[in-house]
Amino acid sequence: MTSPIRTERDGNVLVIVSDNPPVNALGQAVRAGLADAIAKGLADPDIEAMVIRCDGQTFFAGADITEFGKPPQGPSLPQVLDRIEASDKPVVAAIHGTALGGGCELALACHYRLAVPKAKLGLPEVKLGLIPGAGGTQRLPRLVGAKAALPLVVLGNPISARDALDIGLLDLLTGDSSLEAEAIAFARSKAGQPVPRTSQGTANQDGVRDPAIFDEFRVTQGRAMRGLDAPNAAIAAVRAAAELPFAEGVKKERELFVGLMTGTQSKAMRHYFFAERAAQKIADLPADTPLLPIRAVGVIGAGTMGGGIAMNFLSAGIPVILLEMQQEALDRGTAVMRRNYEASAKRGRMTMAQVDAAMDLLTPTLDYADLADCDLVIEAVYENMDVKKQVFARLDEVTKPGAILASNTSYLSIDEIATATQRPGHVLGLHFFSPANVMKLLEVVRGAQTRGDVLATAMKLARTIGKVAAVSGVCAGFIGNRMLSKRQEQANKLIMEGASYWDVDDVLLEFGFPMGPFQMGDLAGLDIGWHRDPAKVTTVREALCAAGRFGQKAGKGFYDYDSARQRTPSDEVRAIIADFAAKAGHTQREVGKDEIRERLLYPMVNEGAKILDEKIAQRASDIDVVWINGYGWPIYTGGPMFWASTIGLETIVAGLDRHGLPVSDYLRKCAAEGRTFD
Ligand code: T1G
């Protein structure tokens, strides 16, 4: 096996190069090669300075995550980085792509750091349920200060090379195509001078002068950190960098890192890292399946969904033709889109120039003929099969041969919709989640006749527009909504049996969901789809609507809301529910939170098992990807299927049996065999 590390001489400068595709992960061979190369540079009297750079798409993008959980193999990354920093000959990091995690820590151990303007640097370990484990939490604050280090270490979001230069993480931005040459010249210019070692920096003293910054950061970031262990450990590590000598701080970092690495949250989040990437792969399609060009997209319907869907493509620089039936609806829809963009600009997420550029790519129209050149048309019209079939029949007539026709339906059969066309091979579902321009999840629904190239094109397009996609087969509700219906069914039954509706919401909140079903109903509006006849009351929701309890927008729904939209359980609602239950013959009883949690979540796992068994989902981890990105399942439990495997499928089966709930043959079989879903 040739080493992924090679060295090249440029006069008195040794250039150390890593070639370890796809992302130059710092696996054992890379670490060993780096150690050997540094030793070679130190031992060679003709070498007075060194540069470390990478071939391929990026500078080191971190430790090799596939090594985690396996017996460690030396040299360790901290050992290699300490050798780099201990060098008396200057070592320069030449950065392109994304210097992330251990890659950023390696750059910190170098004496100088140069990058191309498009590079990004970051410490995303918290997104894996970890913290940097190779000195990054101790070196970064000493270079840029504890205050500037906190967001990088605790939130894990990368920053641009420009911002990195501004905070002192970089020494120089090079030209786009002169990184290596400039790094060599820079290294040569530092030869013979004392080397600046980051571990000896003093910028971290800002954390001593103003110790309040740590708790202040925890308070301001409370929402982003809810339920997660790693961010709190990250704050503790940065605080240690301010308050302890480097060697002790590194020990503290190592202690925190090992605690997280062996915890359940990191295992779950590492599972999710690979699950998200696995979901992009279609098991029965060759990886080199040809893709169809998508140069122009048509969207039918300028309502909330249609407008949100259109924005995804406009933001990715893809022209959109937006079709409505009435001019007033078209004008309203495009105005909402512009307002949404302007709100993002106000929050600093985009510039007004970008807003105008996106809106300039939009062509509103009332005429189907304008869709003739679209490569893809997505309909987001009323959820009714007859309406959708009419739309697809019309699209089949007006669009060019080979255009892909997609439905945004959230549960209707793609196969039946496809029968309205002469091109079933080019029909599939693209199920966006509301708000479509914000929610990451895209369920790509594969019809029985959907062609491989059409499916592969849709999966690639999902990444282009910044979505996380998972393939679903055709069934009512696909993957997400089919499992959601089981949870909703139990939630409605539980309150009829006497469970407090706020306990149902609180159980899901405490589990880590952003909110529970009754809060969700109040947020969305209980009157959506209401027949508006207060005399006709057959459900709890109709009873609440009849009482004017439409939800947050009315100041009251399941809950009463104050001016800050804080919710309080309502005696009126409790009475309405009790009355309903009495009429339905239910005897009310106390229902504990454990029973509520088991009855809300276990039936979802059972439905997920059926979805797997019926091959609606390609793999269990795809179901996790759907629920984490589409419904807020807490990522630190890995998603419903990983969570079920963690607590044990036999526990799920026993719980379902205990509550008299259905257990699928597949789930029972997996549990009996002591298996997990993986
Ligand atoms: N280790 C192993 N494999 C990795 C990897 C990594 N760090 N990063 C990516 N891959 C694989 C990935 O699974 C996929 O494989 C392929 O590379 C392309 O990835 C000690 C402990 C760099 C921005 O968290 O953010 O350092 O599916 O599809 O869209 O303190 O990959 O092709 O078989 O994502 O161009 C910290 C994780 C690690 C960065 C590129 N670093 N990676 O995105 O490609 S922990 C990270 C990314 C650490 C230290 C700690 C992205 C990317 P396959 P991709 P991309």
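1. Let us start inside a sheet, with a residue that is easy to find: I52 stands opposite A93 in β4. The two strands that run side by side here are β3, residues 49-54, and β4, residues 91-95, and they pair in the parallel sense over three bridges. Please keep in mind while you look around that this is a predicted model.

2. Now step back to the whole sheet. It is open and has six strands, in the order β1-β2-β3-β4-β6-β9, with mixed pairing. Which strands form the edges? They are β1 (5-10) and β9 (172-173), each of which pairs on one side only. As a reminder for newcomers, strands of a sheet pair through backbone hydrogen bonds, either parallel or antiparallel.

3. On the overall layout, the protein chain is split into four parts: domain 1 covers 5-262, domain 2 covers 297-478, domain 3 covers 500-583 and domain 4 covers 593-672. If you would like a sense of scale, the centres of domain 1 and domain 3, taken over C-alpha atoms, are 51 Å apart.

4. The ligand deserves a good look. There are 28 residues around the ligand, and those that come nearest are A63, E105, G133, R277 and K281. By character, the shell divides into 16 nonpolar, six polar and six charged residues.

5. Which side chains make polar contacts with oxygen atoms of the ligand? Among them is E105, with a side-chain N or O atom 2.5 Å from a ligand oxygen. For K281, a polar side-chain atom lies 2.7 Å from an oxygen atom of the ligand. The side chain of R463 also has an N or O atom 2.9 Å from a ligand oxygen. Taken alone, the ligand exposes 1000 Å², and the protein buries 75% of that.

6. It helps to know which elements supply this shell. Those giving two or more residues are β5 (98-100), α3 (102-109) and α13 (264-278). The largest share, three residues, comes from α13.

7. Aromatic rings are another feature to browse, as the structure holds 20 aromatic pairs. One of these joins Y112 and F186: the ring centres are 5.1 Å apart and the planes stand at 70°, so the pair is edge-to-face. This pair links distant parts of the chain, with Y112 in strand β6 (residues 112-115) and F186 in helix α7 (residues 179-190), 74 residues apart.

8. Finally, some backbone details reward a closer check. Most residues other than glycine have a negative phi, and most peptide bonds are trans. Where might you look for exceptions? One place is the loop between β2 (13-18) and α1 (28-43), where P22 is found. The peptide bond from P21 to P22 is cis, with omega near 5°. N24 lies in the loop between β2 and α1 as well, and N24 has a positive phi of about 55° although it is not a glycine.

9. Another cis peptide bond runs from G74 to P75, with omega near -5°. To find P75, go to the loop between β3 and α2 (77-86). That brings you back to β3, the strand that pairs with β4 in the parallel sense.

How values were computed: Residues numbered from 1 in each chain as written. Predicted model: local features only at pLDDT ≥ 70, side-chain atom pairs only at ≥ 80, totals over all residues. Heavy atoms only, no water. Domains from an automatic or database assignment. Near = heavy atom within 4 Å. Polar contact = N/O pair within 3.5 Å; in protein donor to acceptor, adjacent residues only side chain to side chain. Areas by Shrake-Rupley, 256 points an atom, 1.4 Å probe, with all protein chains shown as cover. Helix = DSSP H or I, 4+ residues; strand = E, 2+ residues; numbered from the N terminus. Nonpolar A, V, L, I, M, F, W, Y, C, P; charged D, E, K, R; others polar. Pairing = 2+ DSSP bridges. Phe/Tyr/Trp six-rings, centres within 6.5 Å; stacked < 30°, edge-to-face > 60°.
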